[in-house]
Structures are given as structure tokens and as C-alpha cells.
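Please look over the structure below before reading on. The report that follows moves through its helices, strands and buried residues in turn.

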Amino acid sequence: MRVAGIGFNSRATGASIRDALAQAGGAEALATAETKAAALRGLAPGLPVRGIAPDDLACQPVLTRSARVAALYGTGSLAEAAALAAAGPGARLLGPRVTSADGRATAAIAEGRDE
């Protein structure tokens, strides 16, 4: 299964999420930090959203690093870590996170080992 990890700030809109997701290549499900899952469900209706626990985010091998995100979530990229955690053991990123045109959302796609 292809899972999109999503990072976003408080100014993100549904259009921000859709743009980041489209740039990343699309997915069947979304994942983000558990503290942001309810907000993401509101911004991206129609796609399943999984909230990822902090410990599960922190142990993922991400490709990019934001000091701000690391301080908040214990990982360099919320989008990349959430995608990997949701896709399961042995998942791989298809590439680094991408950013929406308005700069309010990021997305990264991971595929599970069975893909």
C-alpha cells in the first residue's frame, strides 16, 4: 500500500494538502502525527488518516531534516516519518518530502514491503 505522510502548519488548507499530495504522487491513505490526525481528517475528507505515536515517528530513517520539526516531533521530517511508520516494517520512501506551492504542507510517499 502507498501511504502519504503529511506535515502541515496551522494555516494549511485542503488545497495545500491536495497540492502536496499530488506533487508527491498520490496515495491510498494518509498519515501524520497523532496530535494532528483530527485536523488532517477535516482537511482531506475521503481518505483514511492514521495518527502516528511520537515514539514511532522518532525511530524512522528520514531523508530530510528540519530543526523545527525535530524539536516538535523527534524526527527531521514529519511527512517522511509518518509515511514510513504507517506503511509498516520494511517500508521504503519513494523520495524526499515535497512542499505545497503555498509552503503550508509537505507530503512524502512510502510503500510497504509487499509493494
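## Helices, strands and cores

Just after helix α5, G88 takes a positive phi of about 95°. This, like everything below, is read from a predicted model. A second glycine of this kind is G25, which takes a positive phi of about 115° just after helix α1.

Helix α5 itself is mostly covered, since ten of its ten residues count as buried. They are L78, A79, E80, A81, A82, A83, L84, A85, A86 and A87.

Helix α1, which spans residues 14-24, has a buried side made up of G14, S16, I17, A20 and L21. Seen down the axis of α1, these buried residues fall within an arc of 160°, so they line one face of the helix. The face turned away from that buried side carries R18 and A22, which are exposed. As for what lies against the buried residues of α1, they pack against β1, β2, α2 (37-43), β5 (98-99) and β6.

Helix α1 also belongs to a supersecondary arrangement, because together with β1 and β2 it makes a right-handed β-α-β unit. Strand β1, covering residues 2-8, is mostly covered, with six of its seven residues buried. Which strands does β1 pair with, and in what direction do they run? With strand β6 (residues 105-111), β1 runs antiparallel and is joined by seven bridges, whereas with strand β2 (residues 29-33) it runs parallel and is joined by three bridges. Within the first of these pairings, V3 has A110 of β6 as its bridge partner; within the second, A4 stands opposite L30 in β2.

### The nonpolar cores

In soluble globular proteins, nonpolar side chains tend to be buried together. Here the largest nonpolar core has 20 residues, and those with the most contacts inside it are A31, I52, L57, Y73, L78, L93 and A110. Strand β2, helix α4, helix α5 and strand β6 each supply at least two residues of this core, and its largest share, nine residues, comes from α5. Apart from this core lies another, of 16 residues, among them L43, A105, A107 and I109. To return to one member of the largest core, Y73 touches A33, T35, K36, P54, L57 and L78, when residues up to four places away in sequence are not counted.

### Four buried residues

The table gathers four residues that count as buried, each with its relative accessibility.

| Residue | Relative accessibility |
|---|---|
| S77 | 1% |
| V69 | 10% |
| T106 | 18% |
| L30 | 1% |

S77 is found in the loop between α4 (67-73) and α5 (78-87). A polar atom of the S77 side chain lies 3.1 Å from the backbone nitrogen of E80, and E80 is one of the buried residues of α5. When residues up to four places away in sequence are not counted, S77 touches V62, T64, V69 and R97.

V69 has its place in helix α4. Leaving aside neighbours within four places in sequence, V69 is in contact with G74, T75, G76, S77 and L78. The C-alpha atoms of V69 and A79, which are ten residues apart along the chain, are separated by 10.0 Å.

T106 is placed in strand β6. At 18% relative accessibility it counts as buried, because the cut-off for that term is under 20%. Which residues does T106 touch, not counting residues up to four places away in sequence? They are G5, I6, G7, A20, A79, R97, V98 and T99.

L30 is placed in strand β2. Leaving aside neighbours within four places in sequence, L30 is in contact with V3, A4, I6, L21, L40, A44, L47, P48, V49 and R50. Among these contacts, A4 is the residue that stands opposite L30 in the pairing of β1 with β2, and L21 is one of the buried residues of α1. The C-alpha atoms of L30 and L94, which are 64 residues apart along the chain, are separated by 15 Å.

Notes: Residues numbered from 1 in each chain as written. Predicted model: local features only at pLDDT ≥ 70, side-chain atom pairs only at ≥ 80, totals over all residues. Heavy atoms only, no water. Buried < 20%, exposed > 50% of the residue type's maximum accessible area, 1.4 Å probe, protein only. Helix = DSSP H or I, 4+ residues; strand = E, 2+ residues; numbered from the N terminus. Pairing = 2+ DSSP bridges. Right-handed = clockwise from strand over helix to strand, strands pointing away. Polar contact = N/O pair within 3.5 Å; in protein donor to acceptor, adjacent residues only side chain to side chain. Contact = heavy atoms within 4.5 Å. Core = buried A, V, L, I, M, F, W, Y, C linked by side-chain atoms within 4.5 Å. Arc of directions from axis to C-beta.
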